[in-house]
Amino acid sequence: MLWVVMRRLLFALAFFLLAALAAPRLVVEPEDGVKPLLDLIRSAREEILVKVYLWTPSRMDLVEALGEAAARGVRVRVLLEREPAGGRVDLAVYQALKDRGVEVRLTTPFRFVFVHEKSVVVDRWWAWVGTMNFTGSSFGANREYALILDDPKQVAEVARVFEADWKGERLDLSRSLLVWAPSRTLGGVKEGNAREVLLSLIQGAKKELFLEHQAMADPEVVAALKEALARGVKVRLVGSPAEPGDTYFLAGAEALKAAGAEVRFLPDPYVHAKVLVKDGEVALLGSLNLSANSLNANRELAVLLARKEAPEAFARLLATLEKDFQAGLEENPFALPEVEGVIPWQEAPKHFGRVARVEGVIQRVEDRGTVAFLHFGTGESDLRLVAFPRNYGLFQQPFPQSYLGKRVRAKGRIVLYAGYYEIVLESPEALEVLDGSP
């Protein structure tokens, strides 16, 4: 009798936990942090399916959560992109997952240019569909969004595509509920609908198109947005260019600005989001970048979110977009003058894209052979200084070990690479030792 009562209590507890996660729920980063995803993983009782493009050691908390799930009998499968930014999957993450009883596979070569989807399915009951990779900056420094879905048919579709990609099989998505890329037909099989859905939204807009995107590089999408402007639709765009000659976001953004769009450049948080809102009523949110590669050749997943179906989530999304637009700069940050004075390294993200002098103590150093890092903090996503072997001899020897524990001042442009804020050291004048201890 006592066991029956305990089982009912445990069931009730699980029910209330799932209710607390009730979908469709919007997750906003960096405000919400990694807790919503950890909570979802910890709610699993039978199965977890994970598909992700980039996973760095800064997100070992997710590795541990999946390992704990596997230890309690949950079947956990993870599909990782074989060659993400940086050239290969992180072996430390890959091995740590396997050591914890997680089934891990790398994507099938040549099926897609990249498997860029970011999804998690729990017990075929919940699906996490997001814009974020599993990195420190994704949950701590970037503008990112995710939706937690509970519609049985949508969740089943995410799981069905996972199974096909896990096996490397082609799948007909001509009648999909969600938005998938690549938008192509091979061997008579329609593999996605992303381009059609995206262009339909743009072409159907009557009042406003509001975008927060990392990329603006697809000619057909840029042309469609220009046509919308020409017929009187208001177009607003928020993004963060990656470098001075950025062709991934900046070139398209400047072309739209010249055509009459209102463009804002957001230095902090860095925009890794991929969101388009049509007429304040429907949003397209997911891993889909506005680039030819993303639309035509990658595995991508996005969700159409209607205001009337999820008023609370939609209101929060619009409020965040508006806040970022108001906080954005009218000028490209890479074109702004050098930051005056010296700033503590912790403030570097606020000055993304600009040349600055930063100061702090080097807490950790790495020499990977092909590149060396001097880390200001102990976290993987903290600002780092970068040097390449061709320049090692320009700095104090032995490099980089001689800088460990020393207070330094570094000068350079604050950029992002694979989710990390960094300054590349090109000359000895770029790095000054102030003293030998904190």
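Me: Is Arg100 buried, exposed or partly exposed?

Reply: In this predicted model, Arg100 is partly exposed, because its relative accessible area is 29% and the partly exposed class lies between 20% and 50%.

Me: Which side chain does Arg100 meet in a salt bridge?

Reply: Side chains of opposite charge can pair when their charged atoms come close. Here Arg100 meets Glu64, with N to O at 2.7 Å. The two are 36 residues apart: Arg100 sits in the loop between helix 4 and strand 4, Glu64 in helix 3. Glu64 is partly exposed too, at 34% relative accessible area.

Me: How do the axes of helix 3 and helix 4 cross?

Reply: The axes of helix 3 (residues 60–71) and helix 4 (residues 91–99) come within 9 Å and cross at roughly 15 degrees. Helix 3 is therefore roughly parallel to helix 4. Their crossing is right-handed. Met60, Val63 and Leu66 of helix 3 make the contact with Val93, Ala96 and Leu97 of helix 4. By class, the contact residues are six nonpolar, no polar and no charged.

Me: Where in the chain are Glu117 and Lys51, which meet in a salt bridge?

Reply: Glu117 lies in the loop between strand 4 (103–106) and strand 5 (119–122), and Lys51 in strand 2 (residues 47–52), 66 residues apart. Their side chains meet at 2.8 Å, N to O. Glu117 is buried, with a relative accessible area of 0%, and Lys51 is buried, also at 0%.

Me: How many salt bridges does the structure hold?

Reply: It holds 34. Among them is Arg184 with Glu191, at 2.5 Å between the closest N and O atoms; Glu191 is buried, at 0% relative accessibility. Shared partners also join Glu31, Arg143, Lys323 and Asp324 into one network of salt bridges.

Terms used
Residues numbered from 1 in each chain as written. Predicted model: local features only at pLDDT ≥ 70, side-chain atom pairs only at ≥ 80, totals over all residues. Heavy atoms only, no water. Axes fitted to C-alpha atoms, helices over the stretch in contact; angles between N-to-C directions. Helix = DSSP H or I, 4+ residues; strand = E, 2+ residues; numbered from the N terminus. Parallel < 35°, antiparallel > 145°, perpendicular 65-115°, else oblique. Left-handed = near helix turned anticlockwise from the far one by under 90°. Contact = heavy atoms within 4.5 Å. Nonpolar A, V, L, I, M, F, W, Y, C, P; charged D, E, K, R; others polar. Salt bridge = Lys/Arg side-chain N within 4 Å of Asp/Glu carboxyl O. Buried < 20%, exposed > 50% of the residue type's maximum accessible area, 1.4 Å probe, protein only.
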